[in-house]
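User: I would like to go through this structure with you and ask, for each label, what it rests on.

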Amino acid sequence: MNRSFSWKKGFFLLFLILFVLGFPRLVDAYFLHLAVTFFLAMILASSWDILARTGQVSVGQAGLFGIGAYTAAILFNRIHLSPVLGMVAGAMVSVLVAALLGYLTLRLRGIYFSITTIAFAEALSVIWLMTPGFTGGAMGLSTPPLFGGDRQQAYYLILGILALTVAAVWLIQSTRLNFAFTAIRENEEVANVMGINPTRYKVLAFMVSAFFTGFAGGFYSHYNTYIIPYEVFGLGISIACLVMPIFGGLYTITGPILGTIIVKVIEEYLRVTVSYGHQIAYGLILVLVVLFMPEGVVGLWRNKISPLFRPASR
Amino acid sequence: MEWADFLQSFANGLLIAGLYAAVTLGLTLVLGVMGIVNFAHGEMVMLGAYNTFWLFTLLGIDPLLSIGLSGLLLFFIGLFIYRFTIRPILNDPPLNQLLLTLGLSIFLQNLAMIFWKTDSRSVITPYSGISLSLGEVHVGLTRLLTFLIAVGLTLLLLLFLYKARPGRAMRAVSENNTASWLIGINVQKTYLLAFGVACALAGAAGALVSTVMYTFPMVGFKLSLKAFCILVLGGLGNIPGALFGSVILGLTESFVGTYVPEGSGWAEGISFILIMIILIIKPTGLVGTRRE
């Protein structure tokens, strides 16, 4: 990676930050809402990527998302905890569950881990449906609109969480954690011999990933005002979590962000054109990416497109 | 009375186990021969079920007759899928294969939703209501037939694998594909045929599914998860293990349905809980060896 600071990059970043901060003043309520859903999806994508950096491909992020969502909703309905504190609580409960699940599934490699995470999310869905007294069952739970329905405040809150997520990814990428995660992903036995404790780092990655996923869940339940088990524990969310970063480009900061934007635009377009099955894009993207662009959009840019613009005298 | 309850749930569990076995056979074959866990296998079952439903609804073709038709249709769909998606990634890391087949599964689920909406459809034949009584145990005729056909399909597959030349080639390739190549087996062709046969089995299983369950776009995914549970129970990639796993899962679900309060709801979660417990205790599955 090119580490030298360039003015061009600096100005672009500054412009991006100003644009994102001023965005709510520029657009109407619909685009503000769209931006909130995009940021939420970016958080999910980036936090999935954190876990994937240790070689653990989760197909059950919806489990952690749902736990965050329900923790926030239940705490609000039972003890009227303020929504933001509820989201923090949701994130914490997700972290605890992830720590437990992480320790239990440590010995599972590759596909076994993936299957266990699907089973985890689906099992939670069944448990939630069958214990309506506590969880609201199939009817779900509802909460009043977040900040009294003020979307600007919601926008800045989710933007803040997204900034934290990106900061966490940046920290992981620019510290020794990056070497540890990469070594474990490439070859766990070798990493172990090199003095990296795979257990510690794998569970750590799972917990960091769960924190942001759980927080996003808590935010979702308050923002959406209504959650049902089929949705928050559903396959749709788990798939979205993994398709966006894979499409954008794995193990990068910009990949999951870029991937989310493109995938969500496609999905929003399909949502208005077909009444059912707009997730068909997710399936198609997954197949095409694995077959034709395994490094995602970022890899395509780096290897194929950006060399075209480079001066020939190099 | 209680003894009769027990026998009844035992019979129900055994009958549904037949269906589960039919669904799992193809998955086991692909895993055994090619070392790929095909997440889209359930969607092949779903397509077989829809094919049977439409043939029955539009043309009045009996679901039992369309077992062969569904199998044939899915055989060709399988060849197509293998040629254009699976073959290019045969040598990729297992996680790429997982992501690709998962993508196929999501794609087909949503395609089904676009074409046929999310309605639950069922095939009701003139003989759907008939049930046979054996002492105090009552068994629906369709369920019994699906069970017998599932057993028949299993025997047919075993016969194919042990007696027919291409079947024996599949077993050789599953043991060691380099050695098979050395002794003149066309490994690529064997993979192609194995994938096609697995999809044909899924199509046939789908025809059975349409007669005893609702057909809806997610039915394949639900069955896939059950099939994973069976694989984990029975060891990965061997057929006797898959049969054993099917019986265990079928009986467990049935008994939970009978003896636990609100059991039929909880029974839906049994497979997930079993997957987690078994993999956590013994990461290579209950019996059998690790495959990388």
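**The contact between the chains**

Analyst: In this predicted model, chain A and chain B each give 36 residues to the contact. On the side of chain A that touches chain B, the elements giving two or more residues are α5 (110–130), α12 (235–248) and α14 (280–292), and the largest share, 15 residues, comes from α5(A).

User: How do the residues of the side of chain A that touches chain B divide into nonpolar, polar and charged?

Analyst: There are 27 nonpolar residues, 7 polar and 2 charged on that side of chain A. As for the predictor's own scores, the complex is given an ipTM of 0.89 and a pTM of 0.91.

User: What makes the radius of gyration of chain B agree with that of a compact globule?

Analyst: The rule for a compact globule of 292 residues gives a radius of gyration near 19 Å, and chain B has 19 Å, so the two agree. Along the principal axes, the C-alpha atoms of chain B fill a box of roughly 60 × 50 × 35 Å, and 52% of the 292 residues of the chain count as buried. Among contacts in chain B between residues at least 6 apart in sequence, 76% join residues at least 24 apart. The mean pLDDT of chain B is 88, with 97% of its residues at 70 or more.

User: Which elements does chain B have, and how do they run from the N terminus on?

Analyst: Chain B has 11 helices and 2 strands, and the elements run α-α-α-α-β-β-α-α-α-α-α-α-α from the N terminus on.

User: How do you know that the span of helix α8 of chain B agrees with its number of residues?

Analyst: Helix α8 (residues 187–212) of chain B has 26 residues, which at 1.5 Å a residue should span 38 Å, and its end C-alpha atoms are 37 Å apart, so the span agrees.

User: Why is α8(B) called mostly covered?

Analyst: A residue is buried if 20 or more other C-beta atoms lie within 10 Å of its own, and 21 of the 26 residues of α8(B) are buried, which is the basis for calling the helix mostly covered.

User: Which residues touch the most other members of the largest nonpolar core?

Analyst: The largest nonpolar core has 195 residues, and those that touch the most other members are A:V243, A:L286 and B:A194. Leaving aside neighbours within four places in sequence, B:A194 is in contact with B:L29, B:V30, B:V33, B:M34 and B:M170.

User: What makes the phi of A:T225 worth a remark, and why is this residue called partly exposed?

Analyst: Most residues other than glycine have a negative phi. A:T225 has a positive phi of about 65° although it is not a glycine, and its place is the loop between α10 (198–224) and β2 (226–227) of chain A. A:T225 has 15 other C-beta atoms within 10 Å, and because that count falls between the cut-offs of 12 or fewer for exposed and 20 or more for buried, the residue is partly exposed.

User: Why does A:Y251 count as buried, and A:Y269 as exposed?

Analyst: A:Y251 has 21 C-beta neighbours inside 10 Å, and because buried requires 20 or more, A:Y251 counts as buried. A:Y251 is found in the loop between α12 and α13 (254–273) of chain A, with a positive phi of about 60° although it is not a glycine. A:Y269, which lies in helix α13 of chain A, has 12 C-beta neighbours inside 10 Å, and because exposed means 12 or fewer, A:Y269 counts as exposed.

Notes: Residues numbered from 1 in each chain as written. Chains lettered and ligands numbered in written order. Predicted model: local features only at pLDDT ≥ 70, side-chain atom pairs only at ≥ 80, totals over all residues. Contact = placed C-beta atoms within 7 Å. Helix = DSSP H or I, 4+ residues; strand = E, 2+ residues; numbered from the N terminus. Nonpolar A, V, L, I, M, F, W, Y, C, P; charged D, E, K, R; others polar. Expected span 1.5 Å × (residues − 1). Core = buried A, V, L, I, M, F, W, Y, C linked by C-beta atoms within 7 Å. pLDDT = per-residue confidence, 0-100. Rg over C-alpha atoms; globule rule 2.2 N^0.38 Å.
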